[in-house]
Amino acid sequence: MKPILEVKNLTMNFGGLKAIDNLDLFIDKGEIVALIGPNGAGKTTFFNCITGIYKPTDGDVNITRPDKEHNGKTQRINGLNPYIVTRKGLARTFQNIRLFSSMSVLENVMIGCHPVTKTGVLGAILRGKSTRAEEKFIAEKSYSILKKIGLEMYVNELAVNLPYGAQRRLEIARAMATDPFLLLLDEPAAGMNPKETQRLHDLILKIRDEEGISILLIEHDMKLVMSLSERIYVVDYGKKIGEGLPEDIRNNPVVIKAYLGEEVEINA
Amino acid sequence: MIVMDEIKKSCVATLWFIFLTFPIAVIKIDSINNTVKWRWLNMVYIGVGSFFLSMLWRYMIKKKEMGGQKEKKKKEAGFFYKISQNRKIFIPLCVLLGVFTILFPHIFSMYQTTIMISALIYVMLGLGLNIVVGLAGLLDLGYVAFFALGAYLYALLNMHYGVSFWVALPLGGMLAALFGLVLGYPVLKLRGDYLAIVTLGFGEIIRIISQNWDAVTFGPSGIANIPPPPFFGVKLSLQATSTYIFYIIVVLVIFTIFIINRLKDSRIGRAWVALKDDEIACQSMGIDKGKTKLTAFALGATWAGMAGVVFAAKTTFINPASFTIWESIIILCIVVLGGMGSIAGVISGALLLILLPEYLRAFAQYRMLAFASVLILMMIFRPNGMIENVRKIYKFKQ
């Protein structure tokens with residue numbers, strides 16, 4: 001079986017700066033994979049390249065959608081518009097929370113249903129049977145997602161009024177509404193307390209196990225990364241410096257060097 | 001102690017105002033007799049006036065801050081929403097409003113009816129711009145261009161081909177929508193200030209073309225003798241015509257409200273608001289940014305085009321002077337003052353901004369002063385507009 005996401009020789013240059021340098025990565029169906037690295041290593045840039053916010057300078061981003069309709073067909077998605085990438089089944093969250101601030105929690109998730117619905121201007125004006133059915137479908141689907149994530153008590157609250165941890169989870173809920181096969185989480189645990197992080201840990205596992213959505217996450221909380229992910233990629237200065245199982249990464253000298261710096265002998 | 005402090009602050013403000021207004025309000029030079037007249041009484045008026053105003057000002061600010069602490073804001077925002085949800089109050093209210101509207105031209109003079117027509121034209125313009133600015137968050141400073149397009153379309157088609165009002169009305173809307181797309185396409189990547197500048201330019205381009213293309217638009221002298229809407233071939237008196245146009249514009253406004261209300265709570269409307277809130281997140285939710293922006297531009301422009309046709313039929317004369325940047329700004333003020341995105345807000349904003357100056361003709365010189373003060377006061381005390389927009393509330397069985 002082909003990997004659902006396969007990135008080959010991905011390179012992203014900003015002028016003279018190589019933010020991502022020949023990066024390879026793959027994710028199999030049903031995996032939880034983590035992408036770690038020191039600050040400024042190029043992790044978020046990598047997400048932006050995959051989701052179409054940046055157009056990669058070089059390399060390939062290929063997806064193989066695991067659903068029955070597209071089974072086995074591989075598509076190259078780099079350079080596509082972000083909205084098309086989302087429609088193909090890659091949903092993401094943002095490191096700095098980007099919720100729709102003037103909308104309620106439910107509406108935030110309803111926006112996520114945009115790619116799976118199709119009412120147009122005329123349909124909205126006439127508000128016929130199919131439109132009403134679709135509106136009902138959107139609202140109910142969004143509500144059921146909120147219930148799964150455990151945010152149903154905030155339904156009509158404004159998204160910005162939620163506690164921080166809940167906002168992060170709402171971002172995940174919103175992404176799930178787009179019916180993705182791969183969820184890209186950009187530092188989902190940033191700013192959370194240990195209790196919230198534990199809850200997030202359980203939530204991510206639940207999403208993978210119950211919804212069958214594979215997960216690629218960027219995270220700095222090593223405890224979470226080590227307990228959650230099945231494979232880990234480590235990047236530094238845009239280059240891959242390590243990959244493997246959590247235990248291997250923990251003991252990898254190159255990774256330790258990147259994080260903690262090199263041991264220097266001081267000759268007194 | 002606090003009271004003393006307040007009085008002290010007000011005294012400082014008063015002294016400052018006296019100092020500022022001293023040269024213009026107190027000193028008067030009589031150039032014939034070469035003498036200086038000292039109008040000390042004016043100084044007293046200004047002193048007392050500014051003292052009380054500054055006290056009032058601080059009191060209001062205090063009250064607002066207290067209100068914020070008690071979350072009073074939340075209740076206020078829900079007031080109109082509650083009325084519109086409570087059918088027992090809302091339906092009789094609508095009926096009352098409807099009866100009043102039907103009787104309006106028969107109770108009041110023709111002058112009043114004419115003023116009301118122009119106010120309702122602005123309601124329509126405000127509602128149209130509300131789609132672009134209030135919902136989709138695209139600052140459009142050239143909105144009047146679409147209004148001009150509609151007006152010129154009717155005037156010219158009627159003059160050359162004898163096209164009737166009823167044919168021109170949808171055509172005006174369509175032409176404006178087309179130009180909305182034409183304007184929207186090149187500015188897809190722009191946002192905020194940059195977009196405002198380009199749309200401002202677009203508004204001016206249309207006005208300058210209409211002013212200088214003598215062969216087609218008859219330049220600054222404009223087009224006269226535009227016929228009012230036909231009424232089953234019957235020639236109506238001047239009074240009856242204005243009544244007739246009044247009813248037409250009322251129906252059009254209701255039509256506009258109906259459609260915008262439906263769009264607002266639809267998939268498209270949500271996409272607009274999402275686009276306004278966060279463009280990048282919006283795209284990451286699978287929303288086609290370009291298409292969404294273009295629909296907002298086109299749908300917003302449609303109403304301006306139709307309003308333009310009605311305007312031409314109402315005034316029977318149009319020239320470029322009716323379509324200056326100033327009109328765009330008034331329409332934008334209507335949307336901002338009334339409440340971005342709120343239909344009830346935009347309607348009351350339009351009525352206030354258009355009717356008030358008409359009824360205060362006596363104070364025409366101070367119009368700008370009043371206008372500016374209202375806007376400044378509103379920005380401080382009601383930053384979200386007179387009637388805040390309330391998003392739909394969904395209910396679910398637990």
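Two strands count as paired when DSSP finds at least two bridges between them. With that in hand, the sheet of chain A in this predicted model is easy to walk through. Six strands line up in the order S6-S7-S8-S3-S9-S10 to make an open sheet, and their pairing is mixed. At the edges sit strand S6 (90–92) and strand S10 (239–244), each of which pairs on one side only. From one strand to its neighbour, the turn averages 20 degrees, direction ignored.

Inside the sheet, strand S3 (residues 32–36) and strand S9 (residues 231–236) of chain A run parallel and are joined by 4 bridges. One residue pair puts a name to this: Val33(A) has Arg231(A) in S9(A) as its bridge partner.

Two helices of chain A lie across these strands. Helix H1 (residues 43–50) lies across S3, S6, S7, S8 and S9, and runs at about 145 degrees to S7(A), the strand spanning 182–186. Helix H7 (residues 194–211) lies across S3, S7 and S8, running at about 150 degrees to S8(A).

Then there is the meeting of the two chains. Here 33 residues of chain A are in contact with 27 residues of chain B. On the chain A side, helices H2 (82–87), H3 (105–112), H4 (121–126) and H5 (129–149) each supply at least two residues. H3(A) gives the most, with 5 residues. Sorted by class, the side of chain A that touches chain B comes out as 16 nonpolar, 11 polar and 6 charged residues.

Key
Residues numbered from 1 in each chain as written. Chains lettered and ligands numbered in written order. Predicted model: local features only at pLDDT ≥ 70, side-chain atom pairs only at ≥ 80, totals over all residues. Contact = placed C-beta atoms within 7 Å. Nonpolar A, V, L, I, M, F, W, Y, C, P; charged D, E, K, R; others polar. Axes fitted to C-alpha atoms, helices over the stretch in contact; angles between N-to-C directions.
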